[in-house]
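Reader: I'm new to this one and a bit lost. Could you pick one part, take me through it closely, and then show me what else is worth a look?

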Amino acid sequence: MTAKPTDHAAPAVGRAVYLETFGCQMNVLDTQLVRGQLQSLGYRFVDDWKQADVVLYNTCSVREHAEQKVWSRVGEVGLWKKSDRPDLVLGVIGCMAERDGKDMVRRHPQVDLLCGPGELDKVPMLIDNAVKTALPDRGGIKAVGVALQGNTHRRSTTLAAAEEDQLERIDLSRSFVADDQSSAGRSAYVRITRGCNKFCTYCVVPFTRGREVHRPPNHIVEECRKLVDAGVREITLLGQTVNHYHFDSAAAVTINDVVQPQVGTVIAPNKGTGGPSPTFNDTTTSFAQLLARIHDEVPDLQRLRYVTNFPRDFGNDILEVMRDRPRICRYLHIPVQSGSNRLLKLMNRGYTVEEYFDLVDRVRDYLPDAELATDIICGFPTETEEDHQATAELLRRCRFKNSFIFKYSPRPGTVAMDRFEDDVPNDVKKRRNNELLAIQADASTAVHQAYLGKTVRVFVESLSARSRKQSNGGMGGVELGWEKPEQVTQLAGRTDGDLIVCFDADPSLIGEIAEVRIERTSPLTLFGRLVNSPVATTTT
Ligand code: SAH
Ligand code: SF4
Ligand code: F3S
């Protein structure tokens, strides 16, 4: 089942698409890129799937729960397609298509197309094919369009390089017209690394996203520059293990058969002291160097953030670059997964709890105002009460601003599922999960309380949840014949340390950076008063 282009394109103009996203920020970016591609071909987007000619789900496979949501959506749309809309195109794209797609088509024959995260540039062609094969003059013969990578990490280097060029195109093809999808078009994601080579024993990502590939630094800097020229103020760099970013310009990279020169500032590698750091040669750009290049070469960028970090190989060079450059956010998401060395080993994480503590101490030394967040898996196979207590202790000690705590979910094809029995009963997982959440709630409360009376820089993202509810018709004064009392609009944004801040101000501030004095705190939110707006950070 391989997709082949059809002889002539079916008209896309005006065709309505419903595209829903599940999963991580990488998927949010992929959705934006697919959306941009389809929009440039004349498709329009709708918010109600029943109004759509094409329904696409961009999916996540990381836990079973994430997949179940998609199964039920696909089931519902599939039934409707069967009874009311046989011409509707139903597509599953992203990680679940890659991991599980063929099974999905077997269970839901109404699915017309599958496209893995490494093949997203083929979505328009797959939709085209689906539309055409359903046309009556083609006999309505149903063929599922499929674009999946398979196990690319096993392919030959030449083939892999050609595929990389192909993949690079989807990022390079992005539209630089500011859209209002996120923070009034002022916030954007930029991918720096695709895939992952870590093979943590519980994780599907290396199977769905393929092996680790780093994008050329010049492409990344150029993309950031164009986004900022189009009005973007905040950029978040994306990768599964961003601190492992490295690009060797001595290794040829071609796009459209042109070798890409590596020009621009070359900063002498500065590994700093105390922290482990990979060794690079002169032609290699490290993550610290990439951060410095973006900060220095795109001076109008107001805020630079990045996720996600891997606890190993996080050198002081990164912390030094952050310390010396005020427009790089004081926020580090560094998933630890467990506080037990025995479990870290079973998870194949490659570091110890002591090494993690050393990293946290170094961050606090270099960046005393930084906030940290983490991910935890509880109930991993063989987890004892003692292991669980070690994780609880780690949460108390590290004072994270928040933690994403997940119950272990066995994933087909992973080493953990093949080799270890899922032997922690669900009620025990649940209890441990709740205990960890309670410890984290105390830590979050303390972190937030420390901001009382301080003035913070806030990137204003949107109306707050409260204001959104009100503007969605919470108070129907007009219909009742009396003047609706004037509502003060509450806005929501984030500090440099990624803490959520709510304050009253005019919505025109959305997408700007403002200064807010904190007057009240809750475990997960700061509340304050606007003192200055908009604020520009001085460039160093
Ligand atoms: N690259 C990041 C994580 C990406 S997946 C890292 O290395 O940390 C996001 C999070 O999902 C992980 O940090 C982990 O906490 C959680 N996760 C991944 N697989 C899981 C599984 N099988 N069960 C439960 N949680 C899982
Ligand atoms: Fe998954 Fe581990 Fe890679 Fe993170 S580092 S994406 S947890 S395999
Ligand atoms: Fe999910 Fe794929 Fe992201 S599995 S977490 S959408 S990389």
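**Around ligand 2**

Author: Let's start with the shell around ligand 2, where eight residues are nonpolar, two are polar and two are charged. Keep in mind that this is a predicted model. The residues surrounding ligand 2 are Cys196, Lys198, Phe199, Cys200, Tyr202, Cys203, Val205, Pro206, Gln240, Thr241, Phe310 and Arg349. Three of the names on that list are cysteines: Cys196, Cys200 and Cys203. The charged pair is Lys198 and Arg349, while Gln240 and Thr241 are the polar ones.

Next, have a look at the open sheet made of three strands, in the order β7-β10-β15, with parallel pairing. Strands β7 (187-191) and β15 (303-307) are at the edges with a single partner each, so one side of each has no neighbour in the sheet. On average, neighbouring strands here are turned by 25° against each other, if you ignore direction.

You can follow the pairing residue by residue. β7 and β10 (residues 234-238) run parallel and are joined by five bridges. Pick out Ala188, for instance: its bridge partner in β10 is Ile235. Helix α7, residues 217-229, lies across β7 and β10, and runs at about 165° to β7.

Now go to the end of β15. The peptide bond from Val307 to Thr308 is cis, and its omega is near -5°. Thr308 sits in the loop between β15 and α9.

That loop brings us to α9 itself. Helix α9 (residues 316-323) packs with helix α8 (residues 287-297) at an angle of about 15°, and their axes are 8 Å apart. With that angle, α8 and α9 are therefore roughly parallel to each other. Their crossing is left-handed. To find the contact, select Phe287, Ala288, Leu291 and Ala292 in α8, which meet Asp317, Ile318, Val321 and Met322 in α9. Sorted by class, the residues of this contact come out as seven nonpolar, no polar and one charged. The charged one is Asp317, on the α9 side.

Another helix pair to set beside it is α12 (385-398) with α14 (residues 426-449). α12 and α14 pack at an angle of about 15°, with axes 9 Å apart. These two are therefore also roughly parallel to each other, and the crossing of α12 and α14 is right-handed. On the α12 side the contact is made by Glu385, His388, Gln389, Thr391, Ala392, Leu395 and Arg396, and on the α14 side by Arg431, Arg432, Glu435, Leu436, Ile439 and Gln440. By class, that contact has four nonpolar, four polar and five charged residues.

While you're there, check the loop leading into α12. Thr382 is found in the loop between β17 (371-378) and α12. Its phi is near 75°, which is a positive value in a residue other than glycine.

There's one more helix pair, earlier in the chain. Helix α2 (residues 64-83) and helix α3 (residues 95-107) pack at an angle of about 35°, with their axes 12 Å apart. The crossing of α2 and α3 is right-handed. From α2, the contact uses Glu67, Val70, Trp71 and Val74, and from α3 it uses Met96, Arg99, Asp100, Asp103, Met104 and Arg107. The residues of this contact divide into five nonpolar, no polar and five charged.

Finally, scroll along to the barrel. Five strands close into it in the order β19-β20-β21-β23-β22, and the pairing is mixed. Neighbouring strands in this barrel are turned by 55° against each other on average, direction ignored.

Both kinds of pairing show up around β21. Strand β20 (residues 490-494) pairs with β21 (residues 500-504) in the antiparallel sense, over five bridges. Gly493 has Val501 as its bridge partner in β21, and Ala492 stands opposite Cys502. β20 and β21 form a hairpin with five residues between them, and in the turn Asp498 has a positive phi of about 70°.

On to the other neighbour: β21 pairs with strand β23 (residues 525-532) in the parallel sense, over four bridges. There, the bridge partner of Val501 in β23 is Leu526. So Val501 is a handy residue to click on, because it has a bridge partner in β20, Gly493, and one in β23, Leu526.

Key: Residues are numbered from 1 along each chain as its sequence is written. Chains are lettered from A and ligands numbered from 1 in the order in which they are written. This is a predicted model: local features need pLDDT of at least 70, side-chain atom pairs count only at pLDDT 80 or more; totals for chains, interfaces and linings use all residues. Side-chain values use heavy atoms; hydrogens and water are left out. Two strands pair if DSSP finds at least two bridges between them. Axes are lines fitted to C-alpha atoms, for helices over the stretch in contact, and angles run from 0 to 180 degrees between N-to-C directions. Contact means heavy atoms within 4.5 Å. Angles under 35 degrees count as roughly parallel, over 145 as roughly antiparallel, 65 to 115 as roughly perpendicular and the rest as oblique. A crossing is left-handed if the near helix is turned anticlockwise from the far one by less than a right angle, and right-handed if clockwise. A residue is near a molecule or strand if one of its heavy atoms lies within 4 Å of it.
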